[in-house]
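Visitor: Could you take me on a close look at one part of this structure? I'd like to stay with a single helix pair and the aromatic side chains around there, then hear how other spots compare in their local detail.

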Amino acid sequence: MTQSHPRISKAVIPAAGLGTRFLPATKATPKEMLPVVDKPAIQYVVEEAAAAGLDDVLMVTGRNKRPLEDHFDRNYELESALGRKGDAARLAKVQESSDLATMHYVRQGDPKGLGHAVLCAAPHVGDEPFAVLLGDDLIDPRDPLLRRMIEVQEQHGGSVVALMEVAPEQIHLYGSAAVEATTDSDVVRVSGLVEKPDPADAPSNYAVIGRYVLDPAVFDVLRKTEPGRGGEIQLTDALQQLAADEKVGGPVHGVVFKGRRYDTGDRGDYLRAIVRLACEREDLGPDFRTWLRRYVTEEMQQP
């Protein structure tokens with residue numbers, strides 16, 4: 001019989017990283033504010049949370065992250081100027097970010113890893129299941145991954161991670177999950193997790209990508225989790241404990257995602273994400289695709 005579990009309403013977005021792979025652009029600008037076409041990457045993530053019904057968003061920030069707060073706040077001077085000009089379209093775009101969700105912020109004083117960033121959310125989240133969204137992974141809104149994960153958590157309880165099959169030689173870049181099939185084709189039971197294993201030691205080529213729906217029991221586990229890979233407190237290590245002992249905080253399931261994901265975690269993938277999203281825009285796509293075809297053709301003809 002299907003169990004009833006508390007409705008999820010809160011999302012946590014860790015955003016305290018230094019963005020060193022994008023220096024010097026991120027020397028004074030948070031990496032989360034780098035534009036993907038004409039919106040900062042972080043806005044896509046908040047939009048995803050809001051679309052899944054999570055209207056209470058806590059952002060875990062660090063030093064030099066004040067622009068994140070400003071972006072999701074009202075800018076009365078700019079709004080007034082656009083209103084006087086009668087520029088309703090741009091005014092709507094400016095107001096959109098401040099109307100998405102109720103935003104909260106907490107500082108991660110020391111960069112001790114993703115697990116520590118999630119633990120910073122404990123006072124706000126309390127004793128409720130919650131979602132965690134990482135800003136490096138942008139999920140296409142036409143593929144409602146987070147909504148499906150919430151459905152699975154409400155059905156089974158415990159925690160749910162997002163999984164994607166990757167080439168075996170790439171699994172060392174991700175957490176890797178040992179999985180067992182369930183009656184749902186897109187859902188697996190997770191029996192173990194390893195953070196960035198050597199390909200020869202990986203339990204599978206199912207990689208954990210940046211979406212989680214977590215039972216609040218994870219906080220007690222994180223408080224006791226010792227620093228792991230890279231000297232940081234790894235969320236993967238805490239989830240491994242939950243997967244190994246269901247009595248701690250329920251089972252761990254995985255939703256296997258086969259949709260569109262835009263990885264903005266490194267420079268090359270960031271540029272590819274911009275090109276893909278720009279090509280699909282109704283207002284930009286036709287002209288941009290025409291230019292791109294011509295550019296690629298001309299480049300191929302170069303000696």
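Guide: Let's start with Phe288, which counts as partly exposed because its relative accessibility is 24%. Keep in mind that this is a predicted model.

Phe288 has an aromatic partner in Trp291, and the two rings are stacked, with 5.8 Å from centre to centre and 25 degrees between the planes. Both residues belong to helix H12 (residues 285-300), and as they sit three residues apart, about one helical turn separates them. Trp291 is partly exposed too, since its relative accessibility is 40%. Follow the rings on and you'll pick up Tyr295: ring pairs link Phe288, Trp291 and Tyr295 into a cluster.

Phe288 also has a part in how H12 meets its neighbour. H11 and H12 pack with their axes 7 Å apart, at an angle of about 125 degrees. An angle of that kind falls outside the parallel, perpendicular and antiparallel ranges, so H11 is oblique to H12. On the H11 side the contact is made by Val275, Ala278 and Cys279, and on the H12 side by Gly285, Phe288, Arg289 and Leu292. Sort the residues of this contact by character and you get five nonpolar, one polar and one charged.

H11 (residues 267-280) brings in another ring, that of Tyr270, whereas Phe22 lies in the loop between strand S1 (10-14) and strand S2 (35-36), so their pair ties together parts that are 248 residues apart in sequence. The geometry here is edge-to-face, at 5.4 Å centre to centre and 80 degrees between the planes. Phe22 and Tyr270 are both buried. Across the whole structure, a search finds four aromatic pairs.

While you're at the loop between S1 and S2, look for Pro24, which is found there. The peptide bond that joins Leu23 and Pro24 is cis, with omega at about 5 degrees.

Backbone oddities turn up elsewhere as well. Val37, in the loop between S2 and strand S3 (39-40), has a phi near 65 degrees, which is a positive value in a residue other than glycine. Val37 is partly exposed, given its relative accessible area of 24%. Asn64 likewise has a positive phi, near 65 degrees, and isn't a glycine either. You'll find Asn64 in the loop between strand S4 (56-61) and helix H2 (66-71), and at 60% relative accessibility Asn64 counts as exposed.

For another helix pair, try H3 (residues 76-85) and H4 (residues 88-99), which pack at about 160 degrees with their axes 9 Å apart. H3 and H4 are therefore roughly antiparallel to each other, and their crossing is left-handed. Here Leu78, Glu79, Leu82 and Gly83 of H3 meet Arg90, Leu91, Val94 and Gln95 of H4. The residues of this contact divide into four nonpolar, two polar and two charged.

One last stop is Val118, which has its place in helix H5 (residues 114-119). Val118 counts as buried because its relative accessibility is 0%. Set aside the neighbours within four places in sequence, and Val118 is in contact with Phe130, Val132, Leu214, Phe219, Leu222 and Leu235. Arg107 lies 11 residues from Val118 in sequence, and the C-alpha to C-alpha distance between them is 11 Å.

Methods: Residues are numbered from 1 along each chain as its sequence is written. This is a predicted model: local features need pLDDT of at least 70, side-chain atom pairs count only at pLDDT 80 or more; totals for chains, interfaces and linings use all residues. Side-chain values use heavy atoms; hydrogens and water are left out. Axes are lines fitted to C-alpha atoms, for helices over the stretch in contact, and angles run from 0 to 180 degrees between N-to-C directions. Helices (H or I, at least four residues) and strands (E, at least two) are DSSP runs, numbered from the N terminus. Angles under 35 degrees count as roughly parallel, over 145 as roughly antiparallel, 65 to 115 as roughly perpendicular and the rest as oblique. A crossing is left-handed if the near helix is turned anticlockwise from the far one by less than a right angle, and right-handed if clockwise. Contact means heavy atoms within 4.5 Å. Ala, Val, Leu, Ile, Met, Phe, Trp, Tyr, Cys and Pro count as nonpolar, Asp, Glu, Lys and Arg as charged, and the others, Gly among them, as polar. Rings of Phe, Tyr and Trp (its six-membered ring) pair if their centres lie within 6.5 Å; planes under 30 degrees apart count as stacked, over 60 as edge-to-face and the rest as tilted. Buried means under 20% relative accessible area, exposed over 50%, partly exposed in between (1.4 Å probe, protein chains only).
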